[in-house]
Amino acid sequence: MAADTGFLNAPIPGMSLTTMPGDRPWENPPSIVTVEEAMEYYTSKILGNKDSHDQLLDVLELGVPVSNLASILQKNSVMNGVHTLDVGMLVLPVIEELIMAVADMNNIKYIPSPEAIARVTTISPREARKAVEAMKKSKTEETVQEEKPRGLMAKPTETME
């Protein structure tokens with residue numbers, strides 16, 4: 001039986017320095033340096049392409065919050081060296097508004113943020129007690145109306161004898 005060696009599979013210190021400088025996208029200067037350029041980039045990327053519309057709408061219909069989707073798009077662009085993280089954070093509200101605009105144009109319901117999910121799914125303790133009492137009441141009514149077993153293989157009861 002092999003021992004768990006998960007901690008031994010970690011990168012060796014300095015391993016990131018083994019590739020040639022500039023081989024990774026984040027090691028090069030970004031292609032977009034201003035918030036205005038980033039706004040134009042995302043506007044053309046989100047509004048200008050019908051395929052991206054369909055993909056965004058599919059993801060929104062699955063229940064992914066708009067803020068999470070916008071964050072994913074922004075971080076992906078940072079990782080690919082399109083713009084810096086600070087420009088991405090500044091343009092994030094614009095990305096969210098663009099995604100919501102596409103959803104509104106296509107009559108798709110969306111969840112603005114994860115906090116909105118919590119507000120929708122949270123019920124008060126009083127409502128929860130009412131629901132539990134209603135379930136118990138319906139359960140007792142079902143057991144009262146239950147048919148007694150009949151037939152040759154039925155378990156004998158006092159009334160069957």
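Which residues does S77 touch, not counting residues up to four places away in sequence? The legends below, drawn from a predicted model, begin with this residue.

**View 1. Surroundings of S77 in helix 3.** S77 belongs to helix 3, which covers residues 66-79, and, when residues up to four places away in sequence are not counted, S77 touches Y41, Y42, K45, V82 and H83. With a relative accessibility of 2%, S77 counts as buried, because the limit for that class is under 20% relative accessible area.

**View 2. The aromatic pair formed by Y41 and Y42.** One aromatic pair is present in the structure. The ring centres of Y41 and Y42 lie 5.0 Å apart and the ring planes stand at 75 degrees, so the pair is edge-to-face, the class that applies to planes over 60 degrees apart. Y42 is buried at 0% relative accessibility, whereas Y41, with a relative accessible area of 25%, is partly exposed. Both Y41 and Y42 are among the residues that S77 touches.

**View 3. Lining of the largest pocket.** The largest pocket holds about 150 Å³ of space, and its lining consists of Y42, K45, I46, S52, Q55, L56, V59, L69 and L73. Two or more residues of this lining come from each of helix 1 (35-47), helix 2 (50-61) and helix 3, and helix 2 provides the largest share, with four residues. Sorted by class, the lining comprises six nonpolar, two polar and one charged residues. Y42 and K45, which appear in this lining, are also touched by S77.

Technical notes. Residues numbered from 1 in each chain as written. Predicted model: local features only at pLDDT ≥ 70, side-chain atom pairs only at ≥ 80, totals over all residues. Heavy atoms only, no water. Phe/Tyr/Trp six-rings, centres within 6.5 Å; stacked < 30°, edge-to-face > 60°. Buried < 20%, exposed > 50% of the residue type's maximum accessible area, 1.4 Å probe, protein only. Contact = heavy atoms within 4.5 Å. 1 Å grid on protein atoms, 1.4 Å probe; cavity = no way out; pocket = protein on both sides within 12 Å on 5 of 7 lines; lining within 4 Å. Points joined across faces, edges and corners; volume = space filled by probe spheres on them. Nonpolar A, V, L, I, M, F, W, Y, C, P; charged D, E, K, R; others polar.
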